[in-house]
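Open the model in your viewer with the sequence panel beside it. The stops below each begin with something to select.

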Amino acid sequence: MEESEKTLDVITIGRASVDLYGQQIGSRLEDVTSFAKSVGGCPANIAIGTARLGLNAAWLGRVGDEAFGRFITEQMAREGASTQGIIIDKDRLTALAILGVEDDKRFPLIFYREDCADMALTEGDVSEDFIASARSVLVTGTHFSRPHTAAAQKVAINFAKAYGAKVIFDIDFRPNLWGLAGHGAGEERYIRSHTVSERLKSVLPHCDLVVGTEEEILIGSGEADLDAALRTIRQVSSAVIVLKRGPMGCIVYDGAIPYTIEDGIVGEGFPIDVYNTLGAGDAFMSGFLRGWLRGEPLEVCATWANACGAFAVSRLLCSPEIPSFDELSQFLTHGSAQTALRKDRALNHIHWATTGRRRDYPTLKGLAVDHRAQFEDMAARVGADPARISGFKLLAVAAAARVADGRDGFGMLLDDKHGREALFAAAKQPNFWIGRPVELPGSRPLKFEFSQDMGSRLIEWPVDHCIKCLAFFHPDDPDAMRLEQVEKLGALYDAARSVGREILIEIIAGKNGPVDAQTLPRVLSELYSAGIKPDWWKLEPQTDASAWALIDETIVANDIWCRGVVLLGLEAPAADLEAAFRATAGSKTVKGFTVGRTIFASAAEKWLAGEIEDEAAIADMAEKFTRLVDAWEARTQ
């Protein structure tokens, strides 16, 4: 295969686990009560990290035929890494790793890897065509600890050499995974072993790049002294050697080992507060490979590697903390006033926007039935039992699903109060976007429904449900009113980022003062100035394109990562909404609409009154929703 025909920059081989990180920092694992879940395992982390940094990456290995195995596969796909090399093992479970942070030096770690799926990799799992499609293959130390996994990696090395691919060796030494320490010694980093050293040394002659910590360089060479270890590796391998030194950065050796080992290519570390060192090496490798596989000078590779490692040690998890290339570039260009990068709001926003969002939504056409007070008033008006409201919302889900017909870009707004069953039904629809309101209906100043402690409430939501919050906000409101609402929205925004949920902020200004082309840009500017950068805005229709141009300008000036704007309806006639859609034709930020009463009001009142059956209500809503979808898609014609 010609180099230009290769579709992958790197295939990583070896461990993949589900990591469960204790969320009580400064606590023994014995006392941890809740955990955060992520993909873990050195090569799996590197596949994700390199994909985030812009390389075409894949992981080759096995996962179990269960929820955790599917999670790894699906997360790889979400991250942009190829899943072509993932094998489903129907006889074994996906590996687990349980981790904690006791302080800045102790990170207890328990591996659950007895007969796990990834350690069942065999030679037959390594496809020659798959390896031939890559410019490099990364093998890892742990998979040389068993004969069958070692044989699989050796087959991959031979195929890589045959097709001109580079071979990368991450020594990745975990003593207890070699049987050198007990189950409770997961964080142990070095136990000398002649047997281990001999196996690892046999790999070195085949490598183009060897990366390890000081302890890993020692075990990989069999030497007890770092200077001797580097020289021993050089005797058997011409590979570029990268010595990782934690907070001191790294040293790169290309060619002869200098008389003083400090005279290699030194990559300086970054002054970062240590939060958790687990996974830092995988972030480091991801950054180094982003440069090395794209032909950057070794000095640049080292800088990128150290910076990625700095991000990882400043945050809690492993693969989720590796930066995107946009985030890395922002840090290298502008630096950070924070030595704890997890506290840098600008970097965190880029991290969220480029790695935290689970799906793309180029357009969004939504049916909004999250109304509570309006449905209750309607039920009272026709003498219906309020308990019937939840049944109607199930019909609305059926109508929206009928219109969507499995296509991307459709969704719903549904509430907890009357829409619990509808939320369950909507979650079963393929590709549905789901938003949920949190405001107390009609509140001004803004109050939250049910509880003012939004962080505790949001943690119970599915991760792909978007927070929706309506604020009646006018830029000429009294100062006390504006400040109170900004503070409330700011608290909600912080809660959303803390628990990893998207947020849509809906602004209605027209009910509380005159509106002109500057009104909404002024509101948005005030919220942006307070550090509030929602994923979505939901805004009132504007009368002409010039108003949208000002809104576009405001959003782009403050947040290039904003997903965009969706229009609200306020029970406007369909013809008025169609005109409003046409006014957005030139907008760069308006992505769609979430409209409610224009679509459901008539059907809801008749159904609650017992005048029509289920199918008639569904058909009526589907027809009106379809009309708006067609109008939206035709707005530029």
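**Helix α6**

This is a predicted model. Start by selecting helix α6 together with its surroundings: the buried residues of α6 pack against α5 (194-201), β10 (209-213), α7 (226-236) and β11 (240-244). Now select α6 alone, residues 214-221. Which of its residues are buried? They are Glu216, Ile217, Leu218, Ile219, Gly220 and Ser221. With 6 of its 8 residues below the 20% cut-off for burial, helix α6 is largely enclosed by the rest of the structure. Step one residue past the end of the helix to Gly222, where phi is positive, near 85°.

**The whole protein**

Zoom out and show the protein as a cartoon. How many helices and strands does the secondary structure come to? There are 21 helices and 21 strands. The radius of gyration is 28 Å, close to the 26 Å that the globule rule gives for 637 residues, so the protein is as compact as a globular protein of that length. Along the principal axes, the C-alpha atoms fill a box of roughly 85 × 55 × 50 Å.

Colour by accessibility next: 57% of the 637 residues count as buried. Then switch on a surface, which comes to about 25000 Å² of accessible area, with 49% of that belonging to carbon and sulfur atoms. For the charges, select the 68 positive and the 90 negative ones; the mean positions of these two sets are 1 Å apart. If your viewer can draw a contact map, take the contacts between residues at least 6 apart in sequence: 72% of these join residues at least 24 apart.

**Arg357**

Select Arg357, in the loop between α11 (345-356) and β14 (364-368). Is this arginine buried or exposed? Its relative accessible area is 16%, so Arg357 counts as buried, the cut-off being under 20%. Show its side chain and look for two partners. One is the side chain of Asp535, with which the Arg357 side chain makes a polar contact at 2.8 Å. The other is the backbone oxygen of Trp561, which the Arg357 side chain reaches at 2.8 Å. To see the surroundings, add Trp352, Glu502, Cys562 and Arg563, which are also among the residues that Arg357 touches beyond four places in sequence.

**Glu449 and Pro445**

Move to the loop between β16 (433-437) and α15 (454-458), which holds Pro445. Select Arg444 and Pro445 and check the peptide bond that joins them: it is cis, with omega near 5°. Most peptide bonds are trans.

Further along in the loop between β16 and α15, select Glu449. Glu449 has a relative accessible area of 7% and is buried. What does Glu449 contact, leaving aside its neighbours within four places in sequence? The list runs to Arg372, Lys417, Val438, Glu439, Leu440, Pro441 and Arg457.

**Arg146**

Go next to Arg146, in the loop between β8 (136-140) and α4 (147-162). Its relative accessible area is 35%, so Arg146 is partly exposed. The Arg146 side chain makes a polar contact with the side chain of Ser145, at 3.5 Å. Add Met119, Leu177 and Arg199, the residues in contact with Arg146 once neighbours within four places in sequence are set aside. Then draw a distance from the C-alpha atom of Arg146 to that of Ala120: the two residues are 26 apart along the chain, and these atoms are separated by 9.4 Å.

**Two positive phi angles**

The last stops concern backbone angles. Most residues other than glycine have a negative phi.

Select Asp115, in the loop between β7 (109-112) and α3 (128-132). Asp115 is not a glycine, yet has a positive phi of about 50°. With a relative accessible area of 57%, Asp115 is exposed.

Finish at Asn431, in the loop between α14 (420-427) and β16. Asn431 is likewise not a glycine and has a positive phi, of about 70°. How exposed is Asn431? At 31% relative accessibility, Asn431 counts as partly exposed.

Technical notes:
Residues numbered from 1 in each chain as written. Predicted model: local features only at pLDDT ≥ 70, side-chain atom pairs only at ≥ 80, totals over all residues. Heavy atoms only, no water. Helix = DSSP H or I, 4+ residues; strand = E, 2+ residues; numbered from the N terminus. Buried < 20%, exposed > 50% of the residue type's maximum accessible area, 1.4 Å probe, protein only. Polar contact = N/O pair within 3.5 Å; in protein donor to acceptor, adjacent residues only side chain to side chain. Contact = heavy atoms within 4.5 Å. Rg over C-alpha atoms; globule rule 2.2 N^0.38 Å. Areas by Shrake-Rupley, 256 points an atom, 1.4 Å probe, with all protein chains shown as cover. Lys, Arg positive; Asp, Glu negative; His and termini not counted. Charge placed at Lys NZ, Arg CZ, Asp CG, Glu CD.
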